[in-house]
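Here are my notes on the model you asked me to look over. I've kept them as numbered points so you can check each one against the structure.

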Amino acid sequence: MSNADLADAETLWKSADVLRGQIDAAEYKHVVLGLLFLKYISDSFDARRGELTTELQADGITGPQLESLLENRDEYTAERVFWVPPEARWQNLQNQAARADIATLIDDAILAVERDNPNLKGKLPRDYARRGIAPEKMKGLIDLIADIGFKGDRAKARDTLGRVYEYFLSKFAAAEGKLGGEFFTPRSIVRLLVEMLEPYEGRVYDPCCGSAGMFVQSERFVEAHGGQKTDISIFGQESNPTTWRLAHMNLAIRGIEANLGSQPADSFLRNLHPDLKADYILANPPFNISDWSGKLLADDVRWRYGTPPVGNANYAWIQHFIHHLAPPNGRGGGAAGFVMANGSLSTGSGGEGEIRRRIVEADLVDCIVALPAQLFLTTGIPACLWFLTRDKTGRNFKHGGRNRSGETLFIDARKLGTMQTRTLRVLTGGDDDESMLADGIGDPNFDSDLGRIVYAFRQWRGEPAPEWWDEVQHGKWEYRDIPGFCKVETIAGIGKHGFVLTPGRYVGAELQEDDGEPFAEKYQRLLAELEESFREGERLTGVVRSKLGEVDPNA
């Protein structure tokens with residue numbers, strides 16, 4: 001998003017947030033994002049109408065015939081533009097924004113859009129009247145959103161709204177904090193998963209897709225590397241009805257087609273894609289969920305490596321991902337990357353340690369990344385990334401790779417990241433000026449946080465260097481163990497650690513730079529500093545005791 005777009009979005013956010021008042025962020029986001037969607041499809045419709053007017057007039061068509069053709073639905077849908085019926089067009093709504101029943105008019109407009117666009121049926125928020133928002137607040141919000149322009153070049157308008165939408169999702173997630181926000185995975189984490197999995201083509205699946213950020217970033221990856229969004233097919237599922245609608249809007253504004261099921265559903269109890277074998281799985285499932293209906297699924301076909309404990313869904317998610325992984329297909333597929341609680345790396349309770357041992361011995365674990373703290377808005381639980389694959393031969397990579405059978409790469413990234421706010425950390429490499437292409441797409445810069453992780457992974461997999469890699473500037477393109485950061489281990493070596501997958505166990509301590517001070521001198525200096533600290537501690541202890549002695553307990 002350009003600086004101007006970002007400034008507009010920030011202004012809109014601050015202004016809209018002032019209007020919130022009556023309802024909390026969890027509710028308010030659906031109000032704002034639904035109106036943003038309406039504004040975008042209306043602007044896109046108007047832009048196509050303008051193009052069509054010019055085309056028809058150039059052919060000498062005017063008057064009633066022109067007006068009739070301008071209202072021909074096929075002239076819009078053929079150009080992948082949503083048909084917007086007259087009652088749902090933004091100008092019509094804005095002209096009536098002062099009416100006391102404006103919320104009902106918006107509901108009717110959304111119903112009309114769904115009626116005339118079957119692929120949107122049941123997928124848009126249609127409960128503005130029920131929320132009881134004061135008409136003057138609704139008018140204020142409509143007037144604010146009216147200032148965002150999505151007219152002109154449709155591709156540019158789509159990208160602008162996409163980034164505004166993503167910006168708003170992140171702001172709402174921050175506003176909700178630990179009380180909600182499961183619909184949003186921080187952009188830097190999504191970028192890291194996508195850059196490591198490299199989904200060039202095939203079926204992409206997320207069984208807990210939230211607002212569909214994984215899919216959006218996958219599509220951006222494909223286009224950044226010269227492909228088409230049609231090179232990937234998207235399958236997903238989401239149990240929360242309002243979040244499911246957010247995902248549909250998020251994809252629709254970008255023109256991304258996806259199969260998220262006919263309705264919201266729980267992936268454990270009602271798997272909407274039971275026969276799907278995905279080339280790539282990207283996910284951020286909810287951590288440590290205890291009420292996942294494990295008792296009802298004790299004999300499920302997905303538990304190939306052991307029945308997960310009924311009190312924690314982590315290994316149910318992991319085995320769900322494995323179950324849906326495609327066999328080697330020659331395109332780089334059959335790989336999964338997902339976020340998981342750190343406890344999954346070492347727990348032995350409820351049979352989880354035994355399940356993990358079987359997964360490791362099946363040679364499915366490709367890489368484990370320990371993440372720094374404070375990356376997530378919704379949880380303080382330490383997190384990590386798992387990468388699983390059915391094919392370690394390297395034959396299925398788009399640009400080739402080496403055979404790493406029997407190996408797992410451990411990366412300890414806990415010291416990376418930059419504090420964006422007092423409570424939130426971000427990984428560099430996913431925004432403007434941090435990646436090889438504009439607007440935060442393309443390969444991350446080699447010295448960014450994402451770059452350090454991604455290129456260690458690609459080097460270990462034996463992938464060729466990217467075209468822009470300059471060995472004089474960036475060093476030799478080859479993998480090497482770096483103490484304190486990354487280390488390759490064999491299955492046997494992991495077994496010696498009891499099949500615990502915590503990267504810190506393997507990468508060792510970071511090498512300390514020699515400061516040039518002789519050890520004998522350093523020892524004496526440090527000893528003197530320690531003695532001084534002891535003396536100061538004793539002095540302070542005496543002061544405290546003296547003060548306590550002056551206190552009269554009977555006063």
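1. Let me start with one helix. In α11, the buried residues are T243, W244, L246, A247, H248, M249, N250, L251 and A252. That makes nine of the 12 residues in α11, so I'd call this helix mostly covered. Keep in mind throughout that this is a predicted model.

2. Staying with α11: the helix runs over residues 241-252 and spans 17 Å from its first C-alpha to its last. At 1.5 Å a residue you'd expect 16 Å, so the span of α11 is close to what it should be. At the start of α11, N240 points a side-chain oxygen at T243, coming within 3.0 Å of the backbone nitrogen of T243. T243 itself is one of the buried residues of α11.

3. Now the overall picture. The protein chain has 555 residues, and 51% of them count as buried. Its secondary structure comes to 18 helices and 11 strands. Take the contacts between residues at least 6 apart in sequence: 70% of them join residues at least 24 apart. As for the surface, the chain exposes about 25200 Å², with carbon and sulfur atoms supplying 50% of that area.

4. On to charges: how many salt bridges does the structure hold? The count is 33. I picked out three of them for a closer look in the next points.

5. The pair I'd look at first is E195 with R458, a salt bridge with an N to O distance of 3.0 Å. E195 sits in helix α9 (residues 187-197) and R458 in helix α14 (residues 449-460), so this pair ties together parts of the chain that are 263 residues apart in sequence. Are these two side chains buried or exposed? E195 is buried, at 2% relative accessible area, and R458 is buried as well, at 6%. The pair also belongs to a network: salt bridges with shared partners link R191, E195, E198, D443, R458, R461 and E463.

6. Next, R115 and E87 form a salt bridge in which the closest N and O atoms are 3.4 Å apart. R115 belongs to helix α6 (residues 102-116), while E87 is in the loop between α4 (74-77) and α5 (90-95), so the bridge ties together parts 28 residues apart in sequence. R115 is exposed, with a relative accessible area of 53%. E87 is partly exposed, at 34%.

7. The third pair stays within one helix. D143 and K139 meet in a salt bridge at 2.7 Å, N to O. Both are in helix α7 (residues 135-145), four residues apart, and about one helical turn separates them. D143 is partly exposed at 27% relative accessible area, and K139 is partly exposed too, at 31%.

8. Last, the cysteines. There are zero disulfides in the structure. Why don't C208 and C209 pair up? The sulfur of C208 has its closest cysteine sulfur in C209, but the distance is 7.9 Å, which is too far for a bond. A disulfide would need the two sulfur atoms within 2.5 Å. Both cysteines are under cover: C208 counts as buried at 11% relative accessibility, and C209 counts as buried at 5%.

Conventions:
Residues are numbered from 1 along each chain as its sequence is written. This is a predicted model: local features need pLDDT of at least 70, side-chain atom pairs count only at pLDDT 80 or more; totals for chains, interfaces and linings use all residues. Side-chain values use heavy atoms; hydrogens and water are left out. A salt bridge is a side-chain nitrogen of Lys or Arg within 4 Å of a carboxyl oxygen of Asp or Glu. Helices (H or I, at least four residues) and strands (E, at least two) are DSSP runs, numbered from the N terminus. Buried means under 20% relative accessible area, exposed over 50%, partly exposed in between (1.4 Å probe, protein chains only). Contact means heavy atoms within 4.5 Å. Accessible areas come from the Shrake-Rupley method with a 1.4 Å probe; for residues, only the protein chains shown count as cover. A polar contact is a pair of N or O atoms within 3.5 Å; within protein, one must be able to donate a hydrogen and the other to accept it, and residues adjacent in sequence count only if both atoms are side-chain atoms.
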